[in-house]
Amino acid sequence: MSLFGRSPRGAARVTVRVAAARTGHTPTTGNTGTAVLLDIREPQEWQAGHAPGAVHLPLSALAGGDGLPTAARSRPVVVICRSGNRSRRAAELLRDRGVEAVDVIGGMRDWAGAGLPVVDARGGHGTVA
C-alpha cells in the first residue's frame with residue numbers, strides 16, 4: 001500500500017484537493033505533507049504561476065533522462081502540469097523508474113480554480129497560463 005492508497009502500478013491520478021492535502025497545501029487533520037509537488041511545465045509556464053513550495057523539472061528534461069531534483073528524491077511525488085495531460089506521462093515515466101508518483105487531474109488550471117495558492121517566480125500572486 002502506498003501513501004496514495006493504491007499500489008504503485010495502479011491507476012495513479014488524484015484530484016487537486018487530494019494533491020493539496022498530500023503536499024501540505026491545505027490544513028487537513030493528520031496531514032503530514034509528506035509528498036512533494038513536482039511541476040513539470042516549461043520554464044515560462046512555471047514563472048507565470050506555480051504552487052508555493054513546488055519543485056520544478058520540465059517534462060522535456062525528465063523525458064531526456066534527468067533525475068529528480070534533490071527535494072523530490074526518496075519521497076512520494078505528486079506531478080502537476082497545466083491541465084493534467086503532461087503530468088500523466090511524467091508520472092508514468094517516474095513510476096517506471098521506481099518512484100511512487102501520481103498525477104493531478106486538471107492540473108494547475110483546476111488548482112487555481114479551487115482557490116489553492118499560486119505564486120509567480122518572484123513570490124508574488126501568480127496566474128496560470
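A residue counts as buried here when its relative accessible area is under 20%. This cut-off serves throughout the tour, which moves through a predicted model.

**The whole chain**

Begin with the entire chain displayed as a cartoon. Five helices and five strands are present, and from the N terminus on they follow the order β-α-β-α-β-α-β-α-β-α. Of the 129 residues, 46% count as buried. The accessible surface amounts to about 6,200 Å², and carbon and sulfur atoms account for 50% of that area. Consider next the contacts between residues at least 6 apart in sequence: 61% of these join residues at least 24 apart.

**The sheet**

Select the five strands together. They form an open sheet with parallel pairing, in the order β1-β5-β4-β2-β3. Its edge strands are β1 (13–14) and β3 (55–56), each of which pairs on one side only.

**Strand β4 and its two partners**

Now select β4, residues 77–80, and display its side chains. In a regular strand the side chains alternate between the two faces of the sheet. In β4, Val-77 and Val-79 lie on one side, Val-78 and Ile-80 lie on the other, and all four are buried, so both faces of this strand are covered.

Add β2, residues 36–39, which runs parallel to β4 and is joined to β4 by four bridges. Two of the pairs may be picked out individually: Leu-37 has Val-78 as its bridge partner, and Leu-38 has Val-79.

Turn then to β5, residues 101–104, likewise parallel to β4 and connected to β4 by three bridges. Here Ala-101 stands opposite Val-77. Between β4 and β5 the chain passes through helix α4 (residues 85–96), and this β-α-β crossover is right-handed. With α4 selected, one sees the helix lying across β1, β2, β4 and β5, at about 180° to β5.

**Strand β5 and the edge strand β1**

Keep β5 in view and show its side chains. Ala-101 and Asp-103 point one way, Val-102 and Val-104 point the other way, and every one of these residues is buried. Strand β1 pairs with β5 in the parallel sense over two bridges; the bridge partner of Val-14 is Val-104.

Before leaving this region, select Ala-35, in the loop between α1 (16–22) and β2. Its relative accessible area is 2%, so Ala-35 is buried. Measure from Ala-35 to Ala-101: the two residues are 66 apart in sequence, and their C-alpha atoms lie 9.1 Å apart in space.

**Trp-111**

Proceed to Trp-111, which sits in helix α5 (residues 107–113). Is this residue buried or exposed? Its relative accessible area is 0%, and Trp-111 is therefore buried.

Which residues contact Trp-111, leaving aside its neighbours within four places in sequence? Among them are Val-16, Ala-19, Ala-20 and Thr-23, together with His-25, Leu-37, Ala-51 and Ile-80. The list also includes Leu-116, Pro-117 and Val-118. Two of these contacts lead back to strands already visited: Leu-37 is the residue whose bridge partner is Val-78, and Ile-80 is one of the buried residues of β4. A further distance may be drawn from Trp-111 to Thr-15: these residues are 96 apart in sequence, and their C-alpha atoms are 8.9 Å apart.

**His-50**

Select His-50 in the loop between α2 (43–48) and β3. With a relative accessibility of 8%, His-50 counts as buried because it falls under the 20% limit. A polar atom of its side chain lies 2.8 Å from the backbone oxygen of Trp-46. Beyond four places in sequence, His-50 is in contact with Asp-39, Arg-41, Met-108, Pro-117, Val-118, Val-119, Asp-120 and Ala-121. Pro-117 and Val-118 have already appeared in this tour, as contacts of Trp-111.

**Ser-74**

Finish at Ser-74, in the loop between α3 (59–63) and β4. Is Ser-74 buried or exposed? With a relative accessible area of 83%, Ser-74 is exposed. Its backbone also merits inspection: phi is near 60°, a positive value in a residue other than glycine.

Conventions
Residues are numbered from 1 along each chain as its sequence is written. This is a predicted model: local features need pLDDT of at least 70, side-chain atom pairs count only at pLDDT 80 or more; totals for chains, interfaces and linings use all residues. Side-chain values use heavy atoms; hydrogens and water are left out. Buried means under 20% relative accessible area, exposed over 50%, partly exposed in between (1.4 Å probe, protein chains only). Two strands pair if DSSP finds at least two bridges between them. A crossover is right-handed if, with the strands pointing away from the viewer, the path from the first strand over the helix to the second runs clockwise. Contact means heavy atoms within 4.5 Å. Axes are lines fitted to C-alpha atoms, for helices over the stretch in contact, and angles run from 0 to 180 degrees between N-to-C directions. A polar contact is a pair of N or O atoms within 3.5 Å; within protein, one must be able to donate a hydrogen and the other to accept it, and residues adjacent in sequence count only if both atoms are side-chain atoms. Accessible areas come from the Shrake-Rupley method with a 1.4 Å probe; for residues, only the protein chains shown count as cover.
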